[in-house]
Amino acid sequence: MSKKNHITGSHNNFFNCIEKNFNKAAQYLSVDKGLLDHIKSCNSIYKINFPIKIDNKIKVIEAYRVQHSHHKLPCKGGIRYSNTVSHNEIMNLAGLMTYKCAIMDVPFGGAKGGIKVDTQIISKEDIEKVTRRYVDELIKRNFIGPKIDVPAPDYGSGEREMNWILDTFVSLYPNNIDALACVTGKSVSQGGIEGRKESTGLGIFHGIKGLCEIKDEMRSVGLDVGIEGKKVIIQGLGNVGYYAANFLHKSGAIIIALAEREGAIYNEKGLNVSKVVSHLQATGSLLNFPNAKNIKNSEKALELECDILIPAALENVIHKNNANRIKAKIIGEAANGPITYEADEILEKKGIIIIPDIYLNSGGVIVSYFEWLKNLSHISYNKMEKKISKNMNVGLLKIIQAICSKNRIEKGQQTNFLKESKEIDLVRLGLKESMNKGFQEILEIKKSLKINNIRTSAFLLAINKIIHSYEKSDMFP
Ligand code: NAD
C-alpha cells in the first residue's frame, strides 16, 4: 500500500470556505457584527512542539489543541493524527465542531486536536509515546479534563489512542472520580459506550436516508424515494466510510465503487462491503478485489456516474478543477470540509444536493455526549440488576428525550424500551432521533427563508442557536 497521503488540498482554502459559508448564512441575520466576529473566532489556540525519541533519534513533534468556542463547556472535538496537520486545518475543524454541536443541541463548545505524524510509517509503540506525551502537554496548560475539554477520535485515531489518553490522564489524576469523562470514543471495557465506534457512519446513514425520503428533493434530482437501489460511491474506507458503507449496503443501496489511497474498485452490480474489508485486511490493498475493475487514480472514482457520492477521507477533495466533472446527484459530506467553496457553487448550479458536514457527520459527537454523561453519572449498564438498570435507563431516556424533539419518543415505545432496553438500543434510538430532529430544523429554516441549499440553512441554524445561548446568558460586559 502506498505510504503517501494523496490529498494535498490547501488548508488555507479550507478556512476561507468555512468563513465564506458562515458569512453567506449570516446575511440572513441582523445582529451586531462584533457578535458574529466573536462566534467565528477561535477562543484559545495551543501549539506545542515536543521531543520524542524514535529509532534512537530525537524527533520534534508538532501538535495542536484549539478550543474554538467557550460558549458552552466543556469543549469537545477529535484528535487528528496525520502528516498534513496544520495550525489552520485544526482551527477550522474546531470551528466546524462548534456549529455541529449547536445544530444538534449538544451542549459543548467546539474544539479539535492535531498531531503531525505519519501513522502509516511510525510504529504502534511510537504512536503511544507521542499520544501520552501530548496528553502531558495538554494537562500542563489545562487543555484537557472532563469539565474543560474532552477529546475524541478523528482521522488517524480510534479507540486505542483514546484508551491511552484516559490511562495517562488517570495516572496523573488518580483521585478524580470523573476522570473517565476526560475523553470519549474509548473501548467499552475502558468506560466507553456501546455504539460509539459506528456512530458517525450510522448518523451519515440516517441523514442520507432522511433526504432520500423527501419526495420533492428526490424529484428535483430525478430519483425515486428511498435508499434501496441507489448507486453509491464512497471515498475513504476508515472508521466513518466503512460504517456508512455498511449501513447503506445493508439497507439495499448498491455500493458501486470504493476508493482508498492506493486506488479504487468498481462493480456496477455492487460490492459487498464486508468482503472488501476482508480482502483489504488480507492483501493490504483494495485493488484486485474479485469481479471488480481497478481504478488506478483513486480521485477519478469521485467523477463516476452515481446517485450518491460520499467523500469520507479528508478535506478539499472536490475543488474547482474537478467539480464540473462530478456526476453524482447527491453528495453526503461524511468527511469534514471535502468540498471547497468554489466547488460548492459549481455543484449547486449543476443542481446537485449537498448534505453538509456540520449536520451529516455529527453522529460521533452525539454519541460522545451520551458516553460523557454515562461516565459522569457513573452508570455501568452491564453489571446492573434489571430493576436498577430500568431506573438508569429512565435517566438516559430522559436525556435523549431532552435533546430529541419532545414528542418523538412515543409513550408505548418508552415502555418497551424501559422493559427490554440495552445500552446499545438507547444509544441507537438517541442517535436516530437526534439526526432526524436536526434535519427537520434545518429544512424548516430552508423552507421558511426560501434558501436553496442545505449548507446555508444548517449554518444559519447553528449561528442562531449560538446567538440565542449568548442572549440567554447575558455574557458580554
Ligand atoms: P480514518 O483514519 O479511520 O479513515 C480515513 C480513511 O481515509 C483511511 O482508510 C485512509 O486510508 C483513507 N484515505 C486517506 N487518503 C485518502 C485518499 N487520498 N483517497 C481515498 N482514501 C483516503 O478516519 P475517519 O475517522 O474515518 O475520518 C474520516 C473523515 O471523517 C475525516 O474528515 C474526519 O474529520 C471526519 N469525521 C470523523 C469522525 C469520527 O468519529 N471518526 C467524526 C466526524 C467526522
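Me: Where does D105 lie, and what counts as a helix or strand?

Reply: D105 lies in the loop between α3 (87-103) and β4 (109-115). Helices (H or I, at least four residues) and strands (E, at least two) are DSSP runs, numbered from the N terminus. Phi of D105 is near 55°, a positive value in a residue other than glycine.

This is a predicted model, in which local features need pLDDT of at least 70, side-chain atom pairs count only at pLDDT 80 or more, and totals for chains, interfaces and linings use all residues. Residues are numbered from 1 along each chain as its sequence is written, and side-chain values use heavy atoms, leaving out hydrogens and water.

Me: Which residues does the cis peptide bond join?

Reply: L73 and P74, with omega at about 5°. P74 is in the loop between β2 (57-67) and β3 (75-81).

Me: What makes the approach of D154 to the ligand a polar contact?

Reply: A polar contact is a pair of N or O atoms within 3.5 Å. A polar side-chain atom of D154 is 2.6 Å from a ligand oxygen, so the pair qualifies. N336 also qualifies, with a side-chain N or O atom 2.9 Å from an oxygen of the ligand. For A313, a backbone N or O atom lies 3.2 Å from a ligand oxygen, again within the limit.

Me: How many residues surround the ligand, and what puts a residue there?

Reply: There are 25, and the closest are R80, D154, G156, E260 and R261. A residue is near if one of its heavy atoms lies within 4 Å. α8 (239-250) and β7 (254-260) each supply at least two residues of this shell.

Me: At what angle do α8 and α9 pack, and what makes the residues between them a contact?

Reply: The angle between α8 and α9 (residues 273-283) is about 145°, with axes 9 Å apart. Axes are lines fitted to C-alpha atoms over the stretch in contact, and angles run from 0 to 180 degrees between N-to-C directions. Contact means heavy atoms within 4.5 Å; Y242, A245, N246 and H249 of α8 meet V273, S274 and V277 of α9.

Notes. Polar contact = N/O pair within 3.5 Å; in protein donor to acceptor, adjacent residues only side chain to side chain.
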